[in-house]
Amino acid sequence: MQKEKNVLLILDDGSIFKGKSFGYEKAIAGEVVFNTAMMGYPESLTDPSYSGQIMTLTFPLVGNYGVPPRSEKDGLSTFMESEKIHAEGIIVCDYSWEYSHWNAVESLESWLKSEKVVGIYGIDTRELTKLLREKGSMKGKIVFPEENGELKPENDVPFVDPNLINQVARVSCKEVITYGNGKKKVLLVDCGVKHNIIRCLLKRDVTVIRVPWDYDFNTIEYDGLFISNGPGDPNMCDVTVQNIRKALNGDKPIFGICMGNQLLSKAGGANIYKLKYGHRSHNQPVRMVGTNRCFITSQNHGYAVDNATLTSDWEPFFINMNDNTNEGIKHKTKPFFSVQFHPEAASGPTDTEFLFDKFVEML
Ligand SMILES: NC(=O)CC[C@H](N)C(=O)O
């Protein structure tokens, strides 16, 4: 086996973890978060909502099923959530140097190297996760010391708080893109949309008009408005919130997912706050408010809507059964709703995919 470079994962609180590199070798910084899903690293790494973040996977063995082709069909990635890796880096406990899967065409190592993304292993991810749960998600960096332990300035970087940078502007499309040719038109505000959201809409035979996050979509004719997921702090998207607020005066159906839930809530007058360490997994239980129906959901978010600040026109739609945080809102009289989880989850539970049917039926 080749000799892998030593790396240090340094956290903002001074904690240092020693590991080895299996990806691209460059010093990086970002917000260190953890994801407890057992699988789905190709989808998670390409989810634009991870932009600016260094993703710790708690599942102990990663890489054993390789990476699917980076193919595209009709402008959408076939097996991934976007065209490229958005996470700054990935932290695992044990990297599997061998892989086997019917759909794999390369190893995680070769994919990371060709996309110039950092991957490290040999980290006690259980200890790291316990720390992040105790202290909250933290700024962190991965640096490359010499064999003798010396850290040269060119192999070091300063800490970065990605939530102070407009991540949505980094990942949103730059021009209007149209998909499908269904009769009903869905105007999709792209804050960093996962391709499976577009696939889920197209499966229901609509035309999707994808516009940049700051596009004044109120100038376009549409039958329904969709607000996508996206990275970073929702408070960076004031332009989007202003545009949504105008749409709230009308009565065309609105559906939002994740960042979309946060932006719709803000447009409706509610406040957002940062969770200590967020929800990133495939097994978050949510209850539909007013019922005893529980769904298992896939999630990836660090911010949440403050239920107590929902204005009188709105009510909570779903509640997280672990910590009682908001998992969605709905308007009391108009066809507007959004969820904090991912009904389009791939890989992940598909319990809530019916929400796409609900939206398309309203159009
Ligand atoms: N997946 C998302 O849309 C995440 C929304 C937001 N960036 C958060 O972390 O809460």
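This passage describes a barrel, two helices and the surroundings of a ligand in a predicted model. Local features need pLDDT of at least 70 and side-chain atom pairs count only at pLDDT 80 or more, while totals for chains, interfaces and linings use all residues. Residues are numbered from 1 along each chain as its sequence is written.

Helices (H or I, at least four residues) and strands (E, at least two) are DSSP runs, numbered from the N terminus. A closed barrel of 7 strands follows the order E1-E2-E10-E8-E4-E3-E11. Its pairing is mixed; two strands pair if DSSP finds at least two bridges between them. From one strand to the next, the twist averages 35°. Strands E1 (residues 6-11) and E11 (residues 138-143) run antiparallel and are joined by 4 bridges. Ile10 stands opposite Lys141 in E11.

Helix H3 (residues 125-135) lies across several strands, among them E2 (16-21) and E4 (53-57). H3 runs at about 125° to E4. Axes are lines fitted to C-alpha atoms, for helices over the stretch in contact (C-beta atoms, placed from the backbone, within 7 Å); angles run from 0 to 180 degrees between N-to-C directions.

In helix H7 (residues 259-267), 9 of the 9 residues are buried, so H7 is largely enclosed by the rest of the structure. Buried means that 20 or more other C-beta atoms, placed from the backbone, lie within 10 Å of the residue's own. Just after H7, Gly269 takes a positive phi of about 105°.

The residues around the ligand include Ser49, Cys258, Met259 and His301. Strand E18 (residues 294-305) gives the most to this shell, with 4 residues.

How values were computed. Near = placed C-beta within 6 Å. Buried ≥ 20, exposed ≤ 12 C-beta atoms within 10 Å, placed from the backbone. Contact = placed C-beta atoms within 7 Å.
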